[in-house]
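Here are my notes on the model, set out as numbered points. They begin with one polar contact and its surroundings, and then turn to the sheet, its helices and the salt bridges.

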Amino acid sequence: MLIGECELTELQPKLDTLRNTLASLDSLLVAYSGGTDSAYLAYVAHLVLGDRMLAVIADSPSLPRQELAAALAFAAAHNIPTHILQTRELDNPNYTRNDGNRCFHCKDELFSQMEATRTRLGFAHLAYGMNLDDRGEFRPGQKAAALHNALAPLAAAELTKAEIRNLAREAGLTLADKPASACLSSRIEYGRAVTSENLGQVERAEDALHALGFPQVRVRHHGELARVEIARSDLPRALTVVMLDRITAALRPLGFIYVTLDTQGYRSGSMNDVLPVSAIAFAHQPSTDAATERPESARETS
């Protein structure tokens, strides 16, 4: 459903700010994941900058194949130029050891490669799809973005997640209501090494749940145990003996001995509940100088 004229009028100044910000840039690489925020940013950047922008997709075992295909299909449908980077975060022990700074090392790898691409192709700036709501959440990747001087045009225009979805809907973009999707590594419990094998387990498990008719799910990997999160609106359908048996039958062959259904349902970032305060404090610490602000574990690989 399209947004009303009144609401669109209220959003117009923010949309104008976004467009003016993008128009002021000589050229731009957009970190593009295929999610609503980065897709809308890439869409508007392309409208404003034309071939002076490039949507950059980071491909690695932590990106579900379905997400990659959907991101490429959306870009093709809107003639948005794209470039795929093969990121190698799994080669970094600081990433694979999977502590509270995992997302920092992932985004540090992404933006390092994007900087090299920007220099090689002659682009002026980097940007990513952080929105205004993201500023208050635990997102170590934002710190990596700041260290690499990546711009956040959506947040600069003070656009919230809901407002971006509304603008995407008004523009007729099919992914306006797309469920949030984080990388597969976010499903692995902290302290358990991130490997291609357990990423594959999670991806196949979530594909199986999608096939059972559950669009919004997370399979949290706790070794032999799979903790399944399903959107609360779908929990009544999941909580039948027949469906529970089908879920178990789908996940146990993938290597999970125990399958449990989380009674709180799907919620973003549930793995962060176990993080110490110090890890969260680092993620929110202002970034001023890359050499001094980067944690010791990150400086080892820079």
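1. In this predicted model, a polar atom in the side chain of Asn 98 lies 3.3 Å from the backbone oxygen of Ile 188. Asn 98 itself sits in the loop between α4 (93–96) and α5 (102–121), and its relative accessible area is 0%, so the residue counts as buried. Once neighbours within four places in sequence are set aside, the residues in contact with Asn 98 are Ile 188, Glu 189, Tyr 190, Gly 191, Arg 192 and Val 194.

2. The next point concerns the sheet. Four strands form an open sheet in the order β3-β2-β1-β4, and their pairing is parallel. The edges are taken by β3 (82–86) and β4 (125–127), each of which has a single partner strand, so that one side of each is left without a neighbour in the sheet. From one strand to the next, the twist averages 30 degrees.

3. Within this sheet, β1 (residues 28–31) pairs with β4 in the parallel sense over 3 bridges, and Leu 29 stands opposite Leu 126 in β4. Helix α2 (residues 36–49) packs on the sheet, where it touches β1, β2 (53–59) and β4, and its direction makes about 165 degrees with that of β1. Helix α3 (residues 65–77), for its part, lies across β2 and β3 and runs at about 170 degrees to β2.

4. Helix α2 deserves a closer look. Its 14 residues reach 19 Å from the first C-alpha to the last, which is close to the 20 Å expected at 1.5 Å a residue. The helix is mostly covered, with 12 of its 14 residues buried; among them are the polar or charged residues Asp 37, Ser 38 and His 46, together with Tyr 40, Leu 41, Tyr 43, Val 44 and Leu 49. Just after α2, Gly 50 takes a positive phi of about 60 degrees.

5. How many salt bridges does the model hold? The count comes to 13, and one of them joins the side chains of Asp 59 and Arg 65, with 2.6 Å from N to O. The two partners of this pair can be described separately: Asp 59 counts as buried, at 9% relative accessibility, whereas Arg 65 is partly exposed, with a relative accessible area of 41%.

6. Which residues are linked in a network of salt bridges? They are Arg 220, Arg 227, Glu 229, Asp 262 and Arg 267. Within the network, the side chains of Glu 229 and Arg 220 meet at 3.2 Å, N to O, and both of these residues are buried. Arg 227 forms a salt bridge with Asp 262, the closest N and O atoms being 2.8 Å apart. This last pair links distant parts of the chain, since Arg 227 belongs to strand β6 (residues 225–230) and Asp 262 to the loop between β7 (258–261) and α12 (277–284), 35 residues apart.

7. A final remark on burial concerns that same pair. With a relative accessible area of 14%, Arg 227 falls under the 20% cut-off and is therefore buried, and Asp 262, at 9%, is buried as well.

Technical notes:
Residues are numbered from 1 along each chain as its sequence is written. This is a predicted model: local features need pLDDT of at least 70, side-chain atom pairs count only at pLDDT 80 or more; totals for chains, interfaces and linings use all residues. Side-chain values use heavy atoms; hydrogens and water are left out. A salt bridge is a side-chain nitrogen of Lys or Arg within 4 Å of a carboxyl oxygen of Asp or Glu. Buried means under 20% relative accessible area, exposed over 50%, partly exposed in between (1.4 Å probe, protein chains only). Helices (H or I, at least four residues) and strands (E, at least two) are DSSP runs, numbered from the N terminus. A polar contact is a pair of N or O atoms within 3.5 Å; within protein, one must be able to donate a hydrogen and the other to accept it, and residues adjacent in sequence count only if both atoms are side-chain atoms. Contact means heavy atoms within 4.5 Å. Two strands pair if DSSP finds at least two bridges between them. Axes are lines fitted to C-alpha atoms, for helices over the stretch in contact, and angles run from 0 to 180 degrees between N-to-C directions. The expected span of a helix is 1.5 Å times one less than its number of residues.
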